Amino acid sequence: MTEPPRCTAIVLAGSRDPGADPVARAAGVPIKALAPVGGVPMLARVLDALAASGRVARIAVVIDPETLRLPPPALSELLRRPGLSTLPAAGSPSASVVAALDRLGDDVFPCLVTTADHALLTAEMVGRFLDDLDPDADAGVALVTARAIERRYPHAVRTFYRLGSERYSGCNLFLLRRTAARRLPLFWQELERHRKRPWRLIAAIGVAPFAKFLLGRLDLAGAMGELTRLTGARAAAVVLPFPEAAIDVDKPGDLVLAEEILRQRG
């Protein structure tokens, strides 16, 4: 049987407000990516999961330019891993992905995108996402249902999006499989530019699909269809069975929850 192609992984480790991240401050480290979870820096946990999956050929860590100029010793040690390179972060996550794709060249695909604060990421999550994604899709996104998260972690504070009869949370795990998938981070970048101007945001998405979403008439398949229509890249979702896949460390409270989950894992 032919082995699946190995990916380039882009790990977003930048910050919207370098030096003022609440998780970094609570942990007493210069950047959030170095905040220890269970005694191990978050970034190290993500790099270990990607390496253990056996599905990643090379990794690019995208990080703030000022941090790259004078990296803390703990970060310098992590960045010396074989097959790892660094790229400067841009002004937003979407802009960072667009810039990274441009710098890495056309052989970047297939490209797995995740974040440095995905401290609970495992090799099993990565493999399940890649294996279950529709092979005809140009791009994919990993989701977990609200029911799965609330059943296992009823006190977890997550952002959920209702699509049809189900609510979902994102997992900060994306695949850009082919060149056509470049259009998705470009569209994401456009939405980020309009996030403070709702009328522009609605215009970019379209009034009809936005109304269907508000009325609860847009289900997951319909949402992926609209994303395909808007970008011209075929998009698909994978609903993962791991509630931990949707728990990143965005706030000090998330750090407490992540450490409790790691203790349960043993």
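**A crossing of helices, an enclosed strand and a set of salt bridges**

In this predicted model, helix α8 (residues 183-193) and helix α11 have axes that come within 10 Å of each other and cross at roughly 95°. That angle makes α8 roughly perpendicular to α11. On the α8 side, the residues that touch are R183, L184 and F187, and on the α11 side they are L227, L230 and T231. Sorted by character, the residues of this contact come out as 4 nonpolar, 1 polar and 1 charged.

Next comes strand β6, which covers residues 111-115. Of its 5 residues, 5 are buried, so the strand is largely enclosed by the rest of the structure. In a regular strand, side chains alternate between the two faces of the sheet. In β6, C111, V113 and T115 point one way, while L112 and T114 point the other way, and all are buried.

Strand β6 has pairing partners to look at as well. With strand β1 (residues 7-12) it pairs in the parallel sense, over 5 bridges. Within that pairing, I10 has V113 of β6 as its bridge partner. Strand β9 (residues 166-176) runs antiparallel to β6, and 4 bridges join the two. V113 turns up here again, standing opposite F174 of β9.

Just along the chain, the loop between α5 (93-104) and β6 holds D106. Unlike the buried residues of β6, D106 is exposed, with a relative accessible area of 62%. Measuring from C-alpha to C-alpha in the model, D106 and D250 sit 32 Å apart in space, and they are 144 residues apart in sequence.

Then there are the charged pairs. Side chains of opposite charge can pair when their charged atoms come close. A search of the whole structure turns up 17 salt bridges. One of them is between the side chains of D131 and R55, with an N to O distance of 3.0 Å. D131 belongs to helix α6 (residues 123-132) and R55 to the loop between α2 (42-53) and β4 (56-63), so this pair ties together parts that are 76 residues apart in sequence. The two partners differ in how much surface they show: D131 is exposed, at a relative accessible area of 51%, whereas R55 counts as buried, at 12%.

A second salt bridge brings together the side chains of D134 and R234, at 3.1 Å from N to O. Here D134 lies in the loop between α6 and β7 (139-145), and R234 in the loop between α11 (220-231) and β10 (235-239), so the pair ties together parts that are 100 residues apart in sequence. D134 is partly exposed, with a relative accessible area of 26%, and R234 is partly exposed too, at 39%.

A third example joins the side chains of D254 and K251, again as a salt bridge, with 3.2 Å from N to O. D254 is buried, at a relative accessible area of just 5%, while K251 counts as partly exposed, at 37%. This pair does not stand alone: salt bridges that share partners link R158, D248, K251 and D254 into one network.

Note on methods. Residues numbered from 1 in each chain as written. Predicted model: local features only at pLDDT ≥ 70, side-chain atom pairs only at ≥ 80, totals over all residues. Heavy atoms only, no water. Salt bridge = Lys/Arg side-chain N within 4 Å of Asp/Glu carboxyl O. Buried < 20%, exposed > 50% of the residue type's maximum accessible area, 1.4 Å probe, protein only. Axes fitted to C-alpha atoms, helices over the stretch in contact; angles between N-to-C directions. Parallel < 35°, antiparallel > 145°, perpendicular 65-115°, else oblique. Contact = heavy atoms within 4.5 Å. Nonpolar A, V, L, I, M, F, W, Y, C, P; charged D, E, K, R; others polar. Pairing = 2+ DSSP bridges.
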